[in-house]
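Here are my notes after going through the model. I've kept them as numbered points so you can check each one against the coordinates.

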Amino acid sequence: MSEQKTQAAAPAASPASGGKAVVQNLLHGPAARSLGLVVALAVLFLIGAITSGDRFMSADNMLVILRYASIIGVVSVGVTFVITAGGIDLSVGSLMGLTSVVASLAVIQSAATQSTWLLMVAVGLVVGMLAGFINGVIIAYGNVVAFIATVAMLVAARGLAEIISERRTLLVTNTDFTGIMRDDILGIPVLVWIFAVVAAAGWFLLNRTTFGRRTVAIGGNIEASRLAGIKVKRHLVSLYVLAGLTAGIAGVMMMGRTTSGTSTHGLLYELDAIAAVVVGGTLLAGGRGTIMGTVLGVLIFSTLTNVFTQNNMDTSVQSLIKGAIIVTAVMLQQRFAVRKERKAKTKPVRS
Amino acid sequence: MSEQKTQAAAPAASPASGGKAVVQNLLHGPAARSLGLVVALAVLFLIGAITSGDRFMSADNMLVILRYASIIGVVSVGVTFVITAGGIDLSVGSLMGLTSVVASLAVIQSAATQSTWLLMVAVGLVVGMLAGFINGVIIAYGNVVAFIATVAMLVAARGLAEIISERRTLLVTNTDFTGIMRDDILGIPVLVWIFAVVAAAGWFLLNRTTFGRRTVAIGGNIEASRLAGIKVKRHLVSLYVLAGLTAGIAGVMMMGRTTSGTSTHGLLYELDAIAAVVVGGTLLAGGRGTIMGTVLGVLIFSTLTNVFTQNNMDTSVQSLIKGAIIVTAVMLQQRFAVRKERKAKTKPVRS
Amino acid sequence: TGCSSETGGDSSQPTNASVDGNAAEGETVVIGFSGPAADHGWLGAINSAAIAAGENLGDVDLRVAEGTNDANLQISQVEQFINDDVDAIVLLPTDGAALTAVATKAMNAGIPVVNVDREFSSPAAARTTVLGDNYGMGQSAGNYICERLGDTPDAVVAEIAGVDSLPLTTERSEGFADALETCGLDVDNRVAADFTVAGGEAAASQLLAAAPEIDAIWNHDDDQGHGVLSAIDTAERDEFFMVGGAGSANAMELIKAGESVLEATVVYPSTQAADGVRLARLIAQDKAMSDLVEVEVPKRIVLNAPVVTSDNVDQYLPTAFAS
Amino acid sequence: MLRVRGLSKRFAAVQALKGVDLDVRAGEVHCVMGQNGAGKSTLIKTLSGVHQPDEGEIFWEGGKVELHSPTAALDLGIATMYQELDVVDGLTVAENIFLGHERASRGVLHVKKTNATARALLQRLGHGGLSPSREVGSLSAANKQIVSMARALSRDTKLIIMDEPSAILDAGEVENLFRVVRELTAQGIAVVYISHRLEEIRQIGDRISVIKDGQSTASGLHVTDTPKAELIRLMTGREVANVFPERTPVAADAPVVLDVDGVELAGHFEKLSFTVRAGEILGFAGLVGSQRSEIIETIYGARKATSGRVSVNGKRLAAGSVSAAVDAGIGLSPEERKSQGLILEEPIYKNVTLSTFARFARTGLLDEAAERRAAREQIDALELRPADPDRPARTLSGGNQQKILLARWLVHGTSVLLLDEPTRGVDVGARAEIYALIRRLADSGTAIIVISSEIEEVLGLADNVLVVDDGNVLTQTEATDIDEHGVLDLIMKGSAA
Ligand SMILES: Nc1ncnc2c1ncn2[C@@H]1O[C@H](COP(=O)(O)OP(=O)(O)OP(=O)(O)O)[C@@H](O)[C@H]1O
Ligand SMILES: Nc1ncnc2c1ncn2[C@@H]1O[C@H](COP(=O)(O)OP(=O)(O)OP(=O)(O)O)[C@@H](O)[C@H]1O
Ligand SMILES: [Mg+2]
Ligand SMILES: [Mg+2]
């Protein structure tokens with residue numbers, strides 16, 4: 001009897017109740033958790049469509065939103081992993097700056113011109129990962145709280161980037177690189193493709209691999225994970241390397257988008273990324289992470305900016321409204337999550 | 001038998017071993033936890049004295065350091081409470097801006113001129129507390145994570161301040177107010193006195209009152225606190241009101257120091273405050289807080305800046321070194337804490 | 001009202017100090033310099049130029065404080081300079097009003113203060129003030145656009161501002177709006193960026209999506225302008241012309257080449273702080289400005305905000321800052 | 001004094017309580033019994049205002065009451081010692097005791113008075129030596145329990161509810177607890193007492209109520225009139241022979257699987273050497289705080305040994321590395337299952353495969369279906385309830401959570417199993433199952449170390465026994481050669497020396 005009860009609530013995988021199970025999955029799985037976000041996004045679109053009509057709903061404008069979202073999006077995917085594991089990374093924005101500066105140094109660019117533009121990409125990613133590695137080692141083996149270790153990296157990387165660039169904006173002259181980064185494939189900008197690929201890879205990594213399982217486990221209970229034989233420290237390091245990698249990718253994307261490298265690239269992106277991740281439904285305390293939510297969170301913020309601009313809104317009023325919307329979105333999301341639970345409660349126990 | 005064991009390890013308070021107990025208290029009490037910080041501060045002073053000699057060690061320079069530290073210090077005291085209770089407040093810097101703008105509005109200033117300068121102070125504190133109250137209600141009753149709720153307030157308050165001030169810097173013309181805020185008492189600037197009083201009050205509140213006890217309890221185990229009959233939600237609200245209050249005080253101090261009110265006052269102070277609090281030894285996860293550590297953390301950062309300026313150091317190099325120093329300070333502090341613990345462990349169990 | 005201290009040359013008039021006299025090394029003076037965080041190209045250039053000026057002058061010992069956007073910290077830096085009893089202070093305040101009190105304190109302590117770019121709220125706070133003309137800058141940009149579009153009253157004009165919370169941005173925008181009004185135009189779309197390349201790119205791409213037809217854009221800052229131009233490139237738009245601001249070397253090169261939408265830029269001298277350092281030295285050494293008959297350095301110098309177009313770009317390129 | 005009628009409570013898909021009745025009289029010890037997951041804790045949580053019942057009424061001293069919050073219950077005079085340790089680690093003993101009703105005037109604490117009152121309370125509990133100013137985080141689970149009890153007593157209460165207070169106490173401590181309970185009842189204070197140990201109920205209880213699957217199966221039975229077998233039948237619906245499984249002698253030629261050689265952890269225990277052979281169950285007997293947990297945690301690598309070596313099947317383990325130990329085939333079921341064992345928000349199956357999910361995976365890709373299957377096998381074998389692999393571990397009752405940890409290592413298939421208090425909070429029926437399971441594992445060649453604070457359990461289950469006191473091995477002997485008194489005598493002598 002008790003078996004029957006419990007089975008009813010479980011995502012049934014039996015072929016018999018296939019169709020129903022899919023619907024149930026949609027209603028009770030992580031998708032439901034994001035339902036509030038989808039609603040928020042839809043409302044934003046509605047507001048945009050009403051206030052700015054075709055100008056807002058045009059395909060071109062959608063691409064503007066997506067292109068804008070893509071860079072923050074990539075960083076946010078990396079940050080999702082770190083936060084899911086109960087950590088935090090405040091250095092990602094600063095690392096974007098450092099990455100872009102190093103990768104657009106004259107030496108690198110001339111070497112890239114003689115070989116391939118991929119060299120610039122490679123240098124960018126390596127710089128990001130290296131800095132992430134340092135973060136990870138300080139946190140996991142130096143036992144420094146992640147907040148402090150990555151704030152220190154934030155400050156230091158910005159300083160280093162300024163020194164390397166001599167506080168100038170370095171122009172990216174490698175046209176192969178800028179050409180590809182600013183190109184379209186099937187009508188979709190390369191930047192947006194990169195975001196899509198990173199998000200898909202992130203989703204897969206978090207939900208379908210042992211790496212993702214370890215990440216969630218550590219975020220859920222680090223001591224229990226350690227006692228179960230998971231190499232917690234090593235995993236933590238790899239998480240910060242991953243965040244550094246996404247910062248590196250984002251830095252390279254920024255170089256492509258702005259055709260320049262400067263220490264100011266990525267300024268305050270860490271806060272945007274964290275806000276998107278948390279609004280998306282990833283627990284700041286760790287133990288639950290959702291890439292889908294993060295993507296939605298990023299899209300909400302970039303759509304918001306777009307709607308504001310479409311309506312030629314005063315920047316100060318924008319800030320005021322933005323604050324209100326952040327809180328509302330999170331509350332909406334929570335409301336839906338709670339209702340979902342309540343629904344599950346009132347469902348008939350015996351089927 | 002088992003009683004004996006436990007007694008041996010406890011900080012003995014019996015009069016018999018009075019002198020010893022004091023030493024033990026110093027070595028194992030909260031002071032010991034801050035020992036690393038005291039050492040770090042001492043090292044900084046040594047560096048300052050060696051590199052800049054009398055210029056650094058002069059009484060006037062000490063006052064420069066203290067005056068600078070005082071405003072961040074006041075905010076940090078408020079943030080210490082919030083973090084001790086397991087929360088976070090990212091809006092304090094922004095609230096300083098809002099406070100300063102509202103309190104230096106022409107209406108308020110002319111009213112103050114007709115009555116007393118204290119009116120401006122009162123308005124500032126009320127604005128801070130009101131905003132803190134909104135934070136608290138959203139967090140405690142709206143169930144929005146503190147990070148998100150206060151980031152939203154950060155954005156919104158900055159916008160509101162810009163709107164109110166019409167993006168201008170408002171001049172404080174009330175000379176009573178500026179006169180008092182820029183005065184000295186017994187050779188010590190009023191700002192420093194305010195910091196001292198706030199720190200002392202904070203210490204008392206955290207360590208000697210039921211309010212403080214409950215703050216620690218909520219940070220240590222929110223569920224257990226609820227079960228013990230503590231009105232957790234109400235307490236959380238009052239914590240954010242407290243943080244708002246300190247932000248209000250800091251905003252008023254800033255007005256006095258700069259004789260102006262503007263939305264940019266307090267920009268990024270939230271990060272400085274959190275860094276000082278965490279470097280000071282308050283657990284970011286909550287459950288342990290130390291005002292003394294916070295004060296030391298603030299002093300370390302402001303001394304660092306002073307030493308940098310004395311030595312005419314390049315700004316970018318400063319950033320690089322600052323990052324390294326933050327990590328080192330935290331590691332030092334940890335080293336001391338661990339050693340202390342190890343000592344306690346290796347002490348003979350039976351006396 | 002403009003006058004650049006760079007203009008040298010022989011003077012046939014009686015003067016207290018010759019060029020040679022000014023150039024000759026005098027008693028070494030200690031000058032403290034404090035400015036906002038060098039977080040974007042123009043401020044970076046300001047800093048570098050000031051430091052370079054200090055290095056080139058053999059009799060100047062320049063102390064540079066950490067660049068900061070926190071008035072509290074900047075005040076303590078000035079306090080430190082006062083304690084150290086430097087011979088002069090060059091101050092580019094993060095907020096003019098906020099630094100007035102401490103600057104007055106320095107003046108009262110007998111240390112001359114040279115106020116650069118963002119003006120104090122009290123004239124007594126500075127011995128000399130070197131200003132870029134923010135209102136004038138907006139006016140120049142507005143006038144240029146009026147000249148070009150004056151005959152199309154329904155032309156769409158867009159503005160990409162810098163950091164909106166800074167008073168200087170407000171001044172620029174006001175000058176711009178006032179100038180446009182004289183020819184019956186107004187600002188149809190306005191966004192604010194943050195003086196950074198990335199910020200300019202982000203703001204501009206949103207702006208372009210919001211305004212399908214534009215006739216002219218004024219962008220306050222050439223450093224963020226690099227990002228603005230990438231956004232324009234991406235959006236494949238060229239139906240309008242653009243006017244820049246500040247006057248970076250990159251922007252001037254583009255104007256010279258004449259292939260982009262960037263037609264002109266309004267100079268906002270990045271040498272202000274360097275001028276400030278030179279003036280501070282003169283003041284500390286009791287010298288005067290060589291071309292003036294005045295025996296002392298003047299009280300207030302407002303730098304011109306000329307418009308650079310392809311016609312006169314060669315004249316300005318050498319002093320432009322590399323962003 | 002307290003009357004409960006038709007109480008019902010539902011959590012999501014679980015009907016935890018369906019119509020429970022309870023009557024408690026002043027001055028009595030009323031025992032509530034039932035299997036793991038029967039709903040005992042849920043019942044008391046509704047009585048203490050933590051949960052709001054869906055249906056049913058609560059009468060307090062004749063009047064109907066609604067308990068909206070823990071404060072409401074406390075104000076009525078109902079104090080509760082919860083099953084999960086509800087102390088705050090960062091506070092001191094005294095601070096924990098007076099948490100929520102601090103000794104203070106106008107918000108300013110009376111530190112001295114607080115400590116003095118706390119000391120007096122602890123004295124009354126027979127723990128006068130426990131310093132009120134000690135941080136609770138550094139205390140053993142048992143001492144935390146004492147703090148929890150002191151807190152309940154510190155209030156002006158008429159009814160004290162104790163949810164499995166004895167689960168982590170050793171024999172001496174339980175005796176002490178009973179003394180306090182008798183004192184209380186003598187003053188007319190009622191006690192609701194929950195325990196899985198039937199002998200305790202016999203010793204201390206006046207009347208008994210039994211819950212099965214959220215329903216009252218018996219209410220207010222007199223202890224003296226109710227035979228043990230009848231109780232067990234009421235709880236489980238069947239007969240359980242609560243006996244330890246038959247020992248199978250360890251084969252003379254059984255290989256040494258675990259070899260602990262001169263292991264030392266500075267500050268906790270000195271050089272320690274012993275071996276465990278395949279098929280052997282080694283029991284650690286000792287009082288709470290005797291460092292047994294530290295010993296096995298050090299063997300496991302969770303603490304880094306100061307010196308000495310641990311070998312499994314002849315292979316030396318790296319000190320201080322849990323993953324090395326797990327790879328070598330050691331498993332640990334830790335003492336505090338919630339904080340050290342489980343990821344509470346994750347489903348049962350992920351908790352079961354926490355040490356092995358990589359084994360199910362192919363080139364890093366998870367095979368969740370296989371994981372669920374493996375978990376389900378263990379769920380069936382251990383009769384874990386609810387038998388749903390997707391249920392979050394948080395929603396399980398204590399005993400069932402314990403089974404998850406056993407299941408984890410069963411899936412792993414370890415050759416050495418370290419069990420720290422494996423039956424803490426486990427009901428009679430499940431207890432017998434776990435005993436049988438441990439024995440079965442031993443029979444199949446696993447080397448096992450069991451720690452238990454119930455000396456009877458150690459003696460009944462183990463082949464050989466180590467008597468430990470304060471990190472010293474007092475004796476190593478065959479379990480059949482010593483009895484409970486023998487162990488206690490040894491320890492008393494050991495500490496006197
Ligand atoms: N917060 C909750 N959410 C969902 N289900 C819960 C929750 N708390 C308890 N349950 C379920 O309610 C039932 C009763 O649990 P309860 O903790 O009351 O059992 P118990 O009798 O105290 O068991 P034990 O002897 O193991 O402590 C169990 O099936 C449990 O899974
Ligand atoms: N004398 C003591 N001084 C300091 N800490 C102690 C002392 N005794 C015990 N502890 C702490 O209490 C905890 C549990 O103690 P320990 O593991 O030694 O008890 P045990 O013999 O395993 O008892 P149990 O059977 O309850 O697990 C440990 O974290 C230990 O640090
Ligand atoms: Mg229970
Ligand atoms: Mg133990």
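1. Let me start at ligand 2. An oxygen atom of ligand 2 sits 2.5 Å from a polar side-chain atom of Ser293(D). Right next in the sequence, the side chain of Glu294(D) puts an N or O atom 2.6 Å from an oxygen atom of ligand 2. Glu421(D) joins in as well, with a polar side-chain atom 2.9 Å from a ligand 2 oxygen. Keep in mind that this is a predicted model, so please read these distances as computed values.

2. How much of ligand 2 does the protein bury? On its own the ligand exposes 610 Å², and the protein buries 84% of that. As for its location, ligand 2 lies between chains B and D.

3. Now the surroundings of ligand 2. The shell has 17 residues, and the closest are Gln291(D), Arg292(D), Ser293(D), Glu294(D) and Glu335(D). Helix α9 of chain D, residues 292-300, gives the most to this shell, with three residues. Sorted by class, the shell has six charged, seven polar and four nonpolar residues.

4. On to ligand 1. Which residues are closest to it? They are Asn36(D), Lys40(D), Ser41(D), Thr42(D) and Thr395(D), out of 19 that surround the ligand. Two side chains are worth displaying: Thr42(D) has a side-chain N or O atom 2.6 Å from a ligand 1 oxygen, and Ser41(D) has a polar side-chain atom 2.7 Å from an oxygen of this ligand. Gly37(D) uses its backbone instead, with a polar atom 2.8 Å from an oxygen atom of ligand 1.

5. Coverage of ligand 1: taken alone it has 630 Å² of accessible area, and the protein covers 87% of this. Elements of chain D that give two or more residues to the shell are β2 (14-24), α1 (40-47) and α15 (398-412). The largest share, three residues, comes from α1(D). By class, the shell divides into 12 polar, five nonpolar and two charged residues.

6. Next, the contact between chains D and B. Chain D brings 42 residues and chain B brings 34. About 3000 Å² is buried between the two chains, with carbon and sulfur atoms giving 58% of it.

7. What about specific pairs across that interface? There are two salt bridges between chain D and chain B. One to look at joins Glu95(D) and Arg213(B), whose closest N and O atoms are 3.0 Å apart. The count of residue pairs in polar contact across the interface is eight, with both residues at pLDDT 80 or more. On the side of chain D that touches chain B, the elements giving two or more residues are α2 (70-76), β8 (108-109) and α5 (141-154). Of these, α2(D) has the largest share, three residues. That side of chain D comprises 17 polar, 15 nonpolar and 10 charged residues.

8. Two backbone details to finish. Most residues other than glycine have a negative phi, and most peptide bonds are trans. Asn143(B) has a positive phi of about 55° without being a glycine; you'll find Asn143(B) in the loop between α8 (118-140) and α9 (146-165) of chain B. In chain D, the peptide bond joining Arg385(D) and Pro386(D) is cis, with omega at about -5°. Pro386(D) also belongs to a loop, the one between α14 (368-382) and α15 of chain D.

Technical notes. Residues numbered from 1 in each chain as written. Chains lettered and ligands numbered in written order. Predicted model: local features only at pLDDT ≥ 70, side-chain atom pairs only at ≥ 80, totals over all residues. Heavy atoms only, no water. Contact = heavy atoms within 4.5 Å. Buried area = accessible area lost by both parts, 1.4 Å probe. Salt bridge = Lys/Arg side-chain N within 4 Å of Asp/Glu carboxyl O. Polar contact = N/O pair within 3.5 Å; in protein donor to acceptor, adjacent residues only side chain to side chain. Helix = DSSP H or I, 4+ residues; strand = E, 2+ residues; numbered from the N terminus. Nonpolar A, V, L, I, M, F, W, Y, C, P; charged D, E, K, R; others polar. Near = heavy atom within 4 Å. Areas by Shrake-Rupley, 256 points an atom, 1.4 Å probe, with all protein chains shown as cover.
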